[in-house]
Amino acid sequence: MKSSLVAVSVAVVVAGVVAAIKDRAALQEALGLAASNRPIPQLMLMGRISGPDGPAEKPRIDVQSVSDRIQAAAPASLLPETQTPPAQEASPAPVVAQAQQPAPTPQASQAAQQQQQKVDESALRYFASRGDKARLQAEISRLQALYPNWVPPVDPLAIPQGGDKQLEAMWQLYSEGRYAELRKQIADRQASGWQPPADLLDRLDVAEARARLVNASDLKQYATVVQVGADTPSLLTCSDIDVLWRVAEAFVKTDHTQRGQDAYAYILKNCTNPQERLATIQKASGLLAYAPMQELLALERPDGNGGREFDSIRNDLARRFIAAGNDDANLAVAPDYLSQVQRLAETQGLASDSLLLGWYQLRRENYAEADKWFRAARAKEDSASASQGLALTLVAEKKFPEAEDVMYKWRNTSADATATYLAATANLMAMQPPANIGEDVLARVAAETIAQKYVPTAQQFGWYARSLNQPQTAARWFETALRWKPDDEPSAYGLAITREQLNDRKGVAEVQRLWAGRSARIATMGETAALRATAASPLPAPGALVPQQPAASSPAAGSAPVTTLETSAPARAQATIDDRRAPSAQVATAPRTARQTRGCSTTINAQLLNPTDALTRGWCLMDLNRPMEAVEAFEAALNSPTRKVREDAAYGQSLAYLRAGLSNNAAVAATRAPQPRQRAAELQVAILADRALAAFDAKRYRETLVYLDQRAQLQQERTDLLVLRGYCYLKLEMFSDADRVFTAAAATGDKGGYRGLADLKAATQPDTP
């Protein structure tokens with residue numbers, strides 16, 4: 001204990017100080033008693049404390065839960081700051097003051113002598129003989145609280161002891177904390193008929209209770225701590241602050257957090273030692289959450305020097321609260337604490353403060369601020385935590401190449417660091433359009449992916465290889481991912497479409513067999529493969545999608561034509577590059593019956609027609625290349641109660657919008673009625689290709705690549721679209737990618753590929769003759 005009051009030996013104070021008196025002046029003077037005997041407040045858990053007539057009978061505690069015991073206590077809560085425990089009321093006037101009072105009457109003197117004869121003053125004489133002034137004063141205060149009419153002797157050494165050396169030896173054992181030996185001596189002497197002083201027994205009971213409480217606390221037997229404290233309320237006073245701390249901790253550890261908070265608040269309201277009050281806040285901050293701590297801090301007092309008593313630890317408290325905010329994204333830490341830690345980070349230059357702020361902002365998705373503080377932390381001290389936080393921020397900001405680079409050095413420092421690095425690699429490989437990744441980075445990402453058997457990155461390697469038109473490599477990566485995780489459906493789908501691209505029909509059938517009943521899109525690949533005659537294979541990407549104007553022929557009324565949706569992309573791409581518009585060439589069309597154009601040459605209101613006639617008129621208008629009028633006719637046909645008519649009307653309206661160059665409207669129209677898989681695949685491929693061309697025309701080359709990649713997942717990329725992709729790379733100055741694509745197209749004999757190589761050479765070697 002750090003104050004003079006707490007200097008009273010714990011073993012003595014607790015051993016019967018039912019109502020100790022706060023009297024700092026008395027403890028500072030020799031044996032002179034102070035002018036104030038205000039009782040020490042006492043923390044009540046349950047039961048009664050000693051009253052004026054002696055120690056109250058100890059309550060018997062039934063075996064029940066701690067919470068029931070606490071609720072049954074009398075009183076059950078902490079005493080108010082101004083309340084005085086029952087045993088401490090009517091404290092007597094100090095001895096110094098009594099010397100100035102009139103002499104007592106003979107009758108009063110006789111009563112006082114009779115009262116004094118009932119008081120066991122052996123402990124008083126013992127402490128005086130040992131020169132233990134602190135314990136002597138505590139004993140005087142205790143006896144005054146127990147016996148209000150008792151007058152302390154002027155000279156405790158003059159108290160007759162009757163020559164009881166054995167009793168003095170017992171007090172010696174008590175003062176040394178040898179309680180077991182004391183119990184044995186008492187029992188041995190009681191066997192001969194001797195009765196020990198009640199005071200000695202009471203003090204021994206309390207001292208042993210304190211020892212049990214401390215031992216239980218050290219062993220983390222918190223329920224026992226609460227029980228002993230409840231059974232021995234005289235322990236819970238400001239004179240033994242350590243016991244109060246232990247009980248408060250026990251409450252928190254047994255999920256009685258509010259009672260623990262009350263115990264800490266009791267100390268701050270009633271105990272005055274500055275060091276103990278400061279230590280109380282420090283101990284509480286390690287156990288209590290942010291909100292309860294704010295209530296305790298509200299009990300702070302001025303320090304007398306123009307500041308507050310907890311100013312010396314306020315920086316540490318602010319750091320602790322920000323750390324709590326890192327653990328709980330919903331915790332709103334006061335702006336003052338945030339500003340305080342920011343000032344510390346800027347003035348003291350500790351990387352740990354910048355880290356606290358970085359994680360706090362990251363948890364609240366304030367990525368710009370998080371990026372700032374993580375970079376500041378790395379500048380002061382590059383560490384795994386700072387790099388991990390920055391990498392997570394960069395991933396959230398979609399800066400995947402930098403995230404991979406930042407975390408590579410720290411990838412093996414911990415499980416979290418490894419997970420962060422692998423997440424960065426998966427996102428890097430999944431970038432759209434594909435990132436231009438250097439060979440060294442690809443090699444280290446591949447090595448780490450294999451070492452960690454990380455399925456997401458392996459799968460993304462497969463898609464990345466497909467984007468580079470390396471189907472064999474893609475298939476190997478998909479197979480690798482499936483070896484590590486056999487139930488990874490995206491990898492199985494990627495393997496299936498890659499094998500189909502390689503014309504490995506047997507391999508496709510094997511994947512379909514293994515995934516039968518588990519993946520609808522793998523099971524229906526045979527149906528979408530039938531689109532090869534008119535379009536191609538599976539998975540997303542764009543192309544030049546202008547529906548071909550069909551030949552005139554007459555199908556059954558209301559039936560939809562089988563139409564190929566794609567025109568040749570190279571012609572449109574080339575025309576765009578040359579700033580001219582050339583008609584599309586080499587349009588593959590599926591055979592279909594001719595449709596009559598008679599009956600729709602005049603303008604009429606399609607809403608006046610019945611749905612079947614409106615559908616027929618819509619197809620007729622498409623043959624006449626009047627798509628916007630056809631849209632209205634198909635709109636009227638959509639009101640048909642017949643499902644087949646509605647399907648054909650939605651399909652026709654989507655084609656009409658595509659022909660008019662309104663791909664977004666086409667996508668909406670395609671959803672207005674359920675379509676067969678083949679039609680749905682056709683429309684999706686056509687819409688993506690049309691969007692790619694529109695984006696290319698608008699010089700949005702990265703967006704064009706996104707659409708091309710999406711379409712490539714639905715259908716194998718044709719040579720004309722490959723040329724379009726090459727020109728996107730050329731415009732984005734991704735020359736190595738452009739060269740690879742144009743070379744592949746030229747190898748098929750495509751003129752667009754040769755033209756692309758020439759344009760690439762002109763762009764990269766402008767001065768070459």
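A salt bridge here is a side-chain nitrogen of Lys or Arg within 4 Å of a carboxyl oxygen of Asp or Glu. The model is predicted, so local features need pLDDT of at least 70 and side-chain atom pairs count only at pLDDT 80 or more, while totals for chains, interfaces and linings use all residues. Residues are numbered from 1 along each chain as its sequence is written, and side-chain values use heavy atoms, with hydrogens and water left out.

**Exercise 1. Describe the overall make-up of the protein.**

Step 1. Take the secondary structure. The protein has 39 helices and two strands. Helices (H or I, at least four residues) and strands (E, at least two) are DSSP runs, numbered from the N terminus.

Step 2. Take burial. Of the 769 residues, 51% are buried. Buried means under 20% relative accessible area, exposed over 50%, and partly exposed in between (1.4 Å probe, protein chains only).

Step 3. Take contacts, defined by heavy atoms within 4.5 Å. Among contacts between residues at least 6 apart in sequence, 65% join residues at least 24 apart.

**Exercise 2. Find the salt bridges and place E208, E500 and D720.**

Step 1. Count. The structure holds 36 salt bridges.

Step 2. Place E208. Its partner is R183, with the closest N and O atoms 2.8 Å apart. E208 sits in helix α10 (residues 198-218) and R183 in helix α9 (residues 179-190), so this pair links distant parts of the chain, 25 residues apart. E208 is buried at 19% relative accessibility. R183 is partly exposed at 30%.

Step 3. Place E500. A salt bridge joins E500 and R505 at 3.8 Å, N to O. E500 is buried, with 2% relative accessibility. R505 is partly exposed at 47%.

Step 4. Place D720. D720 bridges to R718, the closest N and O atoms being 3.2 Å apart. D720 is buried at 6% relative accessible area. R718 is partly exposed at 21%.

Step 5. Look for shared partners. Salt bridges join R210, D218, D240, D242 and R246 into one network.

**Exercise 3. Work through the aromatic pairs.**

Step 1. Set the rule. Rings of Phe, Tyr and Trp (its six-membered ring) pair if their centres lie within 6.5 Å; planes under 30 degrees apart are stacked, over 60 edge-to-face, and the rest tilted.

Step 2. Count. The whole structure gives twelve aromatic pairs.

Step 3. Classify F321 and Y337. Their ring centres are 4.8 Å apart and their planes stand at 65°, so the pair is edge-to-face. F321 lies in helix α16 (residues 314-327) and Y337 in helix α17 (residues 335-347), so the pair ties together parts 16 residues apart in sequence. F321 is buried at 3% relative accessibility. Y337 is buried at 13%.

Step 4. Classify W463 and F478. This pair is edge-to-face, at 4.9 Å centre to centre and 70° between the planes. W463 belongs to helix α24 (residues 455-467) and F478 to helix α25 (residues 471-484), so parts 15 residues apart in sequence are tied together. Both residues are buried.

Step 5. Extend. Ring pairs link Y290, F321 and Y337 into a cluster.

**Exercise 4. Which rings do R518 and R521 lie over?**

Step 1. Set the rule. A charge sits over a ring if NZ of Lys or CZ of Arg is within 6 Å of the ring centre and within 35 degrees of the ring normal.

Step 2. Assign R518. R518 lies over the face of W515, 4.0 Å from the ring centre.

Step 3. Assign R521. Its charged end sits over the ring of Y493, 3.9 Å from the centre.
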